[in-house]
Amino acid sequence: MSVNHPWIDTHCHLDASEFSEDLDRVIADAAQAGVKAILLPTVKAADCENVRNVVKKYSNAIPGLVYTLGIHPILIHQAQEHDLQTLRHEIETSLADPRFVGIGEIGLDYFLPNLDPQRQEFFFHEQLDIAAQFQLPVILHVRRSQDAILKALRRRNINGGIAHAFNGSLQQAEQFIDLGFKLGFGGAATYERALQIRRLLTSLPLSAIVTETDAPDIPPAWLSAEGLRYNEPAFLPRIAKQLAQIGAIDDGQFATAVWRNAMDAIPRWSTLLTSLNLPVVS
């Protein structure tokens, strides 16, 4: 794929342990592949400073590198209530940082059987309240929990955001869109058996779609066959090209649309990139 089109990864865990000894190379490869913007969501309150440091270190290589702050539902068994106070403090501290753009990754996960749903809901609702207070968009984890999350969103004045790795029904998708959310798609759609996700890509308006890797997770179909260990942001253009093919959309049109959609979903990201003479698409 040509790198003439700038690409955007709206969900990438650059601070993951899988990248800890190789992050310089991972970032360089992403930049070389034409990935101009990456959103790094935080998963634990204790990780906030490290996430900020990663973004600061690599923002010259990836000019649109930004972060969000939140507590992931899969990790709430490690969290304590005082972590919410820590998170609030970190958010207040970060408001002056143009690379801080929202709250996340937060949400509910009803797929993993060992997660306490009530404890998940407590942390999720508390973080939604914080997002509403500061009028910040949210990056949502919505695995088998779309209806519960929609219900929680309707009770608050949430400033939109992204439903990451979306795999719900078309009706649920339309409800998220009506609430001001974009829907994230990535490597899962590259599997031929991913019929539901592929149907969504052909049914949803292009204005609702954003691209993501969730690296190092959600590997594309071709990763293991090519002897690669982890998903990486450098793979985003190749993944995005397959998404465009599924939707029968020209690569350039798709790149332009998903960039614009991400800016619509995350206003602080748009403000940053405009100040840097990005977005580089009209």
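1. A residue counts as buried when its relative accessible area is under 20% and as partly exposed when that area lies between 20% and 50%. Keep that in mind as you look through this structure, which is a predicted model. F123 has 0% relative accessibility, so F123 counts as buried. F122 comes out at 32%, so F122 is partly exposed.

2. Now see how these two phenylalanines sit together. F122 and F123 form an aromatic pair of the edge-to-face kind, with 5.3 Å from centre to centre and 85° between the planes. The structure has six aromatic pairs in total.

3. Another of the pairs is worth finding on your screen. W222 and F235 have ring centres 5.4 Å apart, and because their planes meet at 75°, which is over the 60 degrees required, the pair is edge-to-face. Both W222 and F235 lie in the loop between β8 (209-211) and α8 (236-246), with 13 residues separating them. Are W222 and F235 buried or exposed? Both W222 and F235 are buried.

4. While you are at W222, look for a charged neighbour. The charged end of R238 sits over the W222 ring, at 3.7 Å from the ring's centre.

5. Rings can also join up in groups. Here, F166, F176 and F181 are linked into a cluster by ring pairs. Two members of that cluster, F176 and F181, turn up again among the contacts of L140. Leaving aside neighbours within four places in sequence, L140 also touches I106, F124, I149, L153, I162, A163 and H164.

6. Let's step back to the nonpolar core. In soluble globular proteins, nonpolar side chains tend to be buried together. The largest nonpolar core in this model holds 92 residues. Which of its residues touch the most other members? They are L14, V138, L140, F176, F185, F254 and W269. Helix α9, covering residues 251-265, gives the most to this core, with seven residues.

7. Finally, a word on the cysteines. How many disulfides does a search of the whole structure find? The search finds zero. Take C12 as an example: the nearest cysteine sulfur belongs to C48 and is 18 Å away. Seen from the other side, the sulfur of C48 has C12 as its closest cysteine partner, and 18 Å is too far for a bond, because a disulfide needs the two sulfur atoms within 2.5 Å. C12 is buried, with a relative accessible area of 0%, and C48 is buried too, also at 0%.

Conventions. Residues are numbered from 1 along each chain as its sequence is written. This is a predicted model: local features need pLDDT of at least 70, side-chain atom pairs count only at pLDDT 80 or more; totals for chains, interfaces and linings use all residues. Side-chain values use heavy atoms; hydrogens and water are left out. Rings of Phe, Tyr and Trp (its six-membered ring) pair if their centres lie within 6.5 Å; planes under 30 degrees apart count as stacked, over 60 as edge-to-face and the rest as tilted. Buried means under 20% relative accessible area, exposed over 50%, partly exposed in between (1.4 Å probe, protein chains only). Helices (H or I, at least four residues) and strands (E, at least two) are DSSP runs, numbered from the N terminus. A charge sits over a ring if NZ of Lys or CZ of Arg is within 6 Å of the ring centre and within 35 degrees of the ring normal. A nonpolar core is a set of buried Ala, Val, Leu, Ile, Met, Phe, Trp, Tyr and Cys residues joined through side-chain atoms within 4.5 Å. Contact means heavy atoms within 4.5 Å.
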